[in-house]
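Got your viewer open? Load the model and follow along, one selection at a time.

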Amino acid sequence: VSTISDFDTASNTVIGGFDVVGDGYDIVESDNNSVLSYDSATDGDIVLNDNSTSAVSIGFRCKVIQVNDGLVTFQTSGSATLKSLNGAVETFGEGSMVDVIKISTNGWLISGDIQ
C-alpha cells in the first residue's frame with residue numbers, strides 16, 4: 001500500500017471485504033470474513049437476524065469497527081440469540097473492534113471492545 005487512499009483496495013484483497021455500513025444494517029452471508037466499518041457521528045444498530053430472515057452459515061465470522069463517534073449496538077431479530085461476556089452489546093467508542101461469530105442456527109456471539 002503506497003498511500004492511504006489505497007487502503008480499501010488493499011484490505012479487500014487481504015481480508016475478503018471492507019464495507020462501510022450504516023444504522024440498521026443487517027449482517028448477511030456475503031459479509032463472511034469481512035470488516036464492516038460503522039462511520040457515523042450518531043449511534044446506530046447492527047442487526048443479527050435469525051436464520052429464517054437471513055440464512056447465515058454456522059461458523060460465519062466478521063469484524064465490525066467503529067471509526068467515528070457513533071456507538072454501535074448489536075441487536076437480534078426474530079428468534080436469534082446473542083451471547084457476549086456480561087451481556088455487553090455496545091462498542092466502547094471510536095476505534096472499537098468487535099468480532100461477530102455465528103455459533104448455531106439462530107445463535108450469535110460477539111466479543112471485543114464492547115460494554
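**Start at the sheet's edge**

Select β7 and β9: these two strands pair in the parallel sense, over 3 bridges. Within that pairing, click on Lys-83 and look across to β9, where Leu-109 stands opposite. Keep in mind as you go that this is a predicted model.

**Widen to the whole sheet**

Now add the partners. Six strands make up an open sheet, and you can walk across it in the order β1-β3-β5-β8-β9-β7. The pairing is mixed. Which strands stand at the edges? Colour β1 (18-21) and β7 (81-83): each has a single partner strand, so one side of each is left without a neighbour in the sheet. Turn the view and compare neighbouring strands; on average they are turned by 25 degrees against each other, direction ignored.

**Zoom out for a moment**

Show the full chain as a cartoon. You should find 1 helix and 9 strands, with the helix leading and the strands following in the pattern α-β-β-β-β-β-β-β-β-β. Switch on contacts and, of those with a separation of 6 or more, 60% join residues 24 or more positions apart. With a surface on, the accessible area comes to about 5,900 Å², and 51% of that belongs to carbon and sulfur atoms. Of the 115 residues, 40% count as buried.

**Into the core**

Hide the surface and show side chains. The largest nonpolar core has 19 residues, and the ones touching the most other members are Ile-27, Ile-46, Phe-74, Val-100, Trp-108 and Ile-110. To see where the core draws its residues from, select β3 (35-38), β4 (44-48), β5 (61-66), β6 (72-76), β8 (97-104) and β9 (107-112); each supplies at least two. In soluble globular proteins, nonpolar side chains tend to be buried together.

Next, centre on Val-100. What is Val-100 in contact with, leaving aside its neighbours within four places in sequence? Bring up Leu-48, Phe-60, Arg-61, Cys-62, Val-64, Phe-74, Trp-108, Leu-109 and Ile-110. Leu-109 is the residue you met earlier, opposite Lys-83.

**Last stop: Ser-37**

Jump to strand β3 and pick out Ser-37. Is Ser-37 buried or exposed? Ser-37 is buried: its relative accessible area is 3%, and the cut-off for buried is under 20%. Display what surrounds this serine: beyond the neighbours within four places in sequence, Ser-37 is in contact with Phe-18, Asp-19, Val-20, Val-21, Ile-65 and Val-67.

Technical notes:
Residues are numbered from 1 along each chain as its sequence is written. This is a predicted model: local features need pLDDT of at least 70, side-chain atom pairs count only at pLDDT 80 or more; totals for chains, interfaces and linings use all residues. Side-chain values use heavy atoms; hydrogens and water are left out. Helices (H or I, at least four residues) and strands (E, at least two) are DSSP runs, numbered from the N terminus. Buried means under 20% relative accessible area, exposed over 50%, partly exposed in between (1.4 Å probe, protein chains only). Contact means heavy atoms within 4.5 Å. Accessible areas come from the Shrake-Rupley method with a 1.4 Å probe; for residues, only the protein chains shown count as cover. A nonpolar core is a set of buried Ala, Val, Leu, Ile, Met, Phe, Trp, Tyr and Cys residues joined through side-chain atoms within 4.5 Å. Two strands pair if DSSP finds at least two bridges between them. Axes are lines fitted to C-alpha atoms, for helices over the stretch in contact, and angles run from 0 to 180 degrees between N-to-C directions.
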